[in-house]
Amino acid sequence: MRVLAINDISCVGKCSLTVSLPIISASGVTCDILPTAILSTHTGGFTGYTFRDLSEDIPAIIAHWKSLGLKYDIIISGYLGSISQIEMVKTVRRELLKENGLMIVDPVMGDNGKLYVHFDQAFVEQMKGLCREADVIVPNLTEACALTDTPYAENLDYAALLAKLGSLCPRPSVTGCDETGASGTLCTVYYTDEAGKVKKYATEKVEGAFHGAGDVYASALVGALARGTDTDTAVCLAADFTTASIKQTKADGTEARYGLNSESCMLGFLEKLDAAVKRG
Ligand code: PXL
């Protein structure tokens, strides 16, 4: 099983490839990487960061891989620095994804109801086009709203949101759908399974904004799907791992912009993944 992760390298502030590569590899599959840019830190919560766009290098990288005959079972794309990089991901999909391979798009664009710096409505429109080429998309609530032209709000009709996303991609999974009920708030993932049924999976809500949580979730989901689990199992394992990592980070008292302590929760995730794979 060979996975390609397309994402930036943010050298500090655990997110994108510094999160995807260890989690997907540890899941027990080969994870190759295509870096889209190198930044000294990510852009959420730091100022003065460097940003080197690697777009110029990518055609030669793809040409070399084609000369090696490489093809991928799964391709996951994450943070893309420009509209031309969205086009580049479409090319990579066309040229390097196996015929029955899985294209997964994490439409990284924003959080907490706001787009990240560097992104605008024109980028959102192009990202909709990339999502149309995906089998699975993993937006957070902010990104799901942007992709469906829905005004951002919490406690939305999430099932209706999933139905709207269904016109872009058959298997969306939306994180951060908070639901407040009599017993308090739950952090819920709404997702569509292989049969087209909308389902949800709830975990404990930990107060606070934790940077890199979407990357931990997407990477664990990819790792589980790559090991052959179904969507129900992959969502449950990925959501539990992300929540455990958030709780540990909060207990550590680390500044949120430095990312999640997923390392200390990795063994638990891998043991559960192994058990799920053995159960079949
Ligand atoms: O975690 C998402 C992400 C990835 N890469 C870069 C980012 C962000 C979010 O801010 O800035 C460079």
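A polar contact is a pair of N or O atoms within 3.5 Å. The exercises below apply this cut-off and others to a predicted model.

**Exercise 1. The ligand and its shell**

Task: Establish which residues come nearest to the ligand, and determine which side chains place an N or O atom within 3.5 Å of a ligand oxygen atom.

Solution.

Step 1. Begin with the shell. There are 13 residues around the ligand, and Asp8, Thr43, Tyr79, His211 and Asp215 come nearest.

Step 2. Sort the shell by class. The residues around the ligand comprise five nonpolar, six polar and two charged.

Step 3. Test the side chains against the cut-off. For Asp215, an N or O atom of the side chain is 2.6 Å from an oxygen atom of the ligand. For Thr43, a polar side-chain atom lies 2.6 Å from a ligand oxygen atom. For His211, the distance from an N or O atom of the side chain to an oxygen atom of the ligand is 3.2 Å.

Step 4. Consider how far the ligand is enclosed. On its own, the ligand has 320 Å² of accessible area, and the protein covers 98% of this.

**Exercise 2. The order of the sheet**

Task: State the order of the strands in the open sheet, and explain why strand 3 and strand 11 are each left without a neighbour on one side.

Solution.

Step 1. Write down the order. The open sheet has nine strands in the order 3-2-1-4-5-8-9-10-11, and the pairing is mixed.

Step 2. Look at the edges. Strand 3 (51-53) and strand 11 (198-204) each have a single partner strand, so one side of each has no neighbour in the sheet.

Step 3. Examine a parallel pair. Strand 4 and strand 5 run parallel and are joined by five bridges. Within this pairing, Ile75 has Met103 of strand 5 as its bridge partner.

Step 4. Examine the antiparallel pairs. Strand 9 and strand 10 (residues 184-192) run antiparallel with seven bridges, and Ser173 stands opposite Tyr191 of strand 10. Strand 10 and strand 11 are likewise antiparallel, again with seven bridges, and here Leu186 has Glu204 of strand 11 as its bridge partner.

Step 5. Compare the turns. The hairpin of strand 9 and strand 10 has two residues between the strands. The hairpin of strand 10 and strand 11 has five residues between them, and Gly196 takes a positive phi near 90° there.

**Exercise 3. The second largest pocket**

Task: Identify which element gives the most residues to the lining of the second largest pocket, and describe that lining by class.

Solution.

Step 1. Note the volume, which is about 150 Å³ for the second largest pocket.

Step 2. List the contributing elements. Strand 4 (72-77), strand 5 (97-105) and helix 7 (213-226) each supply at least two lining residues. Strand 5 gives the most, with four residues.

Step 3. Name residues of the lining, among them Met1, Asp73, Lys98, Leu102, Leu225 and Thr229.

Step 4. Classify the lining of this pocket: five residues are nonpolar, four polar and two charged.

**Exercise 4. The enclosed spaces**

Task: Determine how many cavities of 30 Å³ or more the structure holds, and find which residues line the largest cavity and the second largest cavity.

Solution.

Step 1. Recall the principle: a probe the size of a water molecule, rolled over the atoms, shows where empty space is left.

Step 2. Count the cavities. The structure holds two of 30 Å³ or more.

Step 3. Describe the largest cavity, whose volume is about 50 Å³. Val136, Arg171, Pro172, Ser173, Thr192, Tyr217, Leu221, Leu225, Thr231 and Val235 form its lining. Strand 9 (171-181), helix 7 and helix 8 (231-252) each contribute at least two of the lining residues. By class, the lining of the largest cavity has six nonpolar, three polar and one charged.

Step 4. Describe the second largest cavity, which holds about 40 Å³ of space. Asn7, Ser20, Ile76, Gly78, Asp106, Asp215, Ala218 and Ser219 line this second cavity. Helix 7 provides the largest share of that lining, three residues. The classes for the second largest cavity are two nonpolar, four polar and two charged.

Step 5. Connect the exercises through shared residues. Asp215 lines the second largest cavity and is also among the residues that come nearest to the ligand. Leu225 lines both the second largest pocket and the largest cavity.

Note on methods: Residues numbered from 1 in each chain as written. Predicted model: local features only at pLDDT ≥ 70, side-chain atom pairs only at ≥ 80, totals over all residues. Heavy atoms only, no water. Near = heavy atom within 4 Å. Polar contact = N/O pair within 3.5 Å; in protein donor to acceptor, adjacent residues only side chain to side chain. Areas by Shrake-Rupley, 256 points an atom, 1.4 Å probe, with all protein chains shown as cover. Nonpolar A, V, L, I, M, F, W, Y, C, P; charged D, E, K, R; others polar. 1 Å grid on protein atoms, 1.4 Å probe; cavity = no way out; pocket = protein on both sides within 12 Å on 5 of 7 lines; lining within 4 Å. Points joined across faces, edges and corners; volume = space filled by probe spheres on them. Pairing = 2+ DSSP bridges.
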